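Okay, thanks everyone, I'll keep this short. I have one chain to show you, so let me put it on the screen and then we can walk through it together.

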Amino acid sequence: MLASALTLMRAKANFVQQFIRNPRKMGSITPSSAALCRTMCDAVNWDHSLRIAELGAGDGVLTRHILDRMSPEAQLDVFEISPELVKSLRGLPDSRMQVRACSAEYLSGEYDVIFSGLPLLSLPPATRDAILSAVHDALGPRGVFVQFQYTSFTQPNLSRYFTWERQRVLKNMPPAWVYRCTRHYAP
C-alpha cells in the first residue's frame, strides 16, 4: 500500500516537473482525472474501434483507460514529444501499443478514433492547423476525434475541420470540455 502511494506521488511530481519545464507543451499542471478519461472513452463506439491514436499522451493516464477499453485485436499509436514521458510510456506493458516520439503533425494512416489532450490554444497557429489537418485526413469515414480543452476558445479551429458536440466535465482540475468531433469532407 505504501509502495503504491509512493509510486503515485512520484508520478504526480514528475508530471508537475514536466509542466514547469515546458508549460506550453504540457497544457496542465495536473494529470487528467478519472472522470475526464471516462467521459472521453465513453464518446467512442469500442466495437468498431480497431485503429486508435492518442496525441499528447503525457504520463499515460488516458492511455491506460484506452488500453482497458480496447479489444484484444485493436492497435494504439501514442504520440508524445517529451523524451521523459516517452520513456515512461514505453514502460507500459501492452503489445497493442506503439509509442511514437514525434509531433502529432506526423500523424498519418487511417484511424477509427483519435484522442487528444494537446493544449491546442497554446500551440503556434501553424502547428495547431497542421495537427488538426492531419487529424482530419487520418480519420476514417466513420472516425471520431475526441479532444479535451479547458476553454471554448478553440471552437472556431475545430469547426473549420469538424462537426462537433461537447460535454462539460466538472470533476477535473480545472474543469474541462470534451469535444466529440466527426470530420467534414472538405475543410
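I'll start with the overall layout, then go to a helix pair, the aromatic rings, and a handful of single residues.

First, so nobody gets the wrong idea: this is a predicted model. The chain has 187 residues, and 48% of them are buried. In secondary structure we get 7 helices and 7 strands. If you read along the sequence, the order goes α-α-α-β-α-β-α-β-β-α-β-α-β-β. And here's one for the contact-map people: take the contacts between residues at least 6 apart in sequence, and 65% of those join residues at least 24 apart.

Okay, the helix pair. In general, you describe two packed helices by the angle between their axes and the distance between the axes. Here the pair is α3, residues 34–42, and α4, residues 61–69; the angle is about 45 degrees and the axes are 10 Å apart. An angle between 35 and 65 degrees falls in the oblique range, so α3 is oblique to α4. The crossing of α3 past α4 is right-handed.

Which residues of α3 and α4 make that contact? From α3 you have A34, C37, R38, M40, C41 and D42, and from α4 you have V61, L62, H65, I66 and R69. Sorted by class, the contact of α3 with α4 comes to 7 nonpolar residues, 1 polar and 3 charged.

Staying close to α4 in the sequence, look at G60. G60 sits in the loop between β1, which is 51–55, and α4. Its relative accessibility is 0%, so G60 counts as buried. From G60 to V86 you go 26 residues along the chain, and the C-alpha atoms are 9.4 Å apart.

Now contrast that with S95, in the loop between α5 (83–90) and β3 (97–100). Is S95 buried or exposed? With 74% relative accessibility, S95 counts as exposed, because the cut-off for exposed is over 50%. S95 and P72 are 23 residues apart in sequence, with 9.8 Å from C-alpha to C-alpha.

Right, rings. There are 5 aromatic pairs in total. One of them is F148 with Y150, and that pair is edge-to-face, with 5.5 Å centre to centre and 75 degrees between the planes. The two partners don't get the same label for burial: F148 is buried at 7% relative accessible area, whereas Y150 is partly exposed at 22%. Buried means under 20%, so Y150 misses that label.

Another pair is Y161 with F162, and this one is tilted: 6.2 Å between centres, 50 degrees between planes. Both Y161 and F162 are buried. Ring pairs also bring in F145, so that F145, Y161 and F162 form a cluster.

Since we're at Y161, let's look at α7, residues 155–161, which is where R160 is. R160 is partly exposed, with a relative accessible area of 44%. R160 and R183 are 23 residues apart along the chain, and their C-alpha atoms are 9.6 Å apart.

Just ahead of that helix comes T154, in the loop between β5 (139–149) and α7. T154 is buried, at 0% relative accessible area. Setting aside residues up to four places away in sequence, what does T154 touch? The answer is L120, L121 and Q149.

Keep L120 and L121 in mind, please. R128, in helix α6 (residues 125–138), is in contact with L120, L121, L123 and N157, leaving aside neighbours within four places in sequence. And this arginine is a buried one: R128 has a relative accessible area of 10%, under the 20% cut-off. The C-alpha atoms of R128 and L118, 10 residues apart along the chain, are 9.4 Å apart.

One last thing, for anyone who checks backbone geometry. In general, most peptide bonds are trans. The bond from M173 to P174, though, is cis, with omega near -10 degrees. You'll find P174 in the loop between β6 (162–169) and β7 (176–183).

That's my tour, thanks for listening.

Definitions and conventions. Residues numbered from 1 in each chain as written. Predicted model: local features only at pLDDT ≥ 70, side-chain atom pairs only at ≥ 80, totals over all residues. Heavy atoms only, no water. Axes fitted to C-alpha atoms, helices over the stretch in contact; angles between N-to-C directions. Helix = DSSP H or I, 4+ residues; strand = E, 2+ residues; numbered from the N terminus. Parallel < 35°, antiparallel > 145°, perpendicular 65-115°, else oblique. Left-handed = near helix turned anticlockwise from the far one by under 90°. Contact = heavy atoms within 4.5 Å. Nonpolar A, V, L, I, M, F, W, Y, C, P; charged D, E, K, R; others polar. Phe/Tyr/Trp six-rings, centres within 6.5 Å; stacked < 30°, edge-to-face > 60°. Buried < 20%, exposed > 50% of the residue type's maximum accessible area, 1.4 Å probe, protein only.
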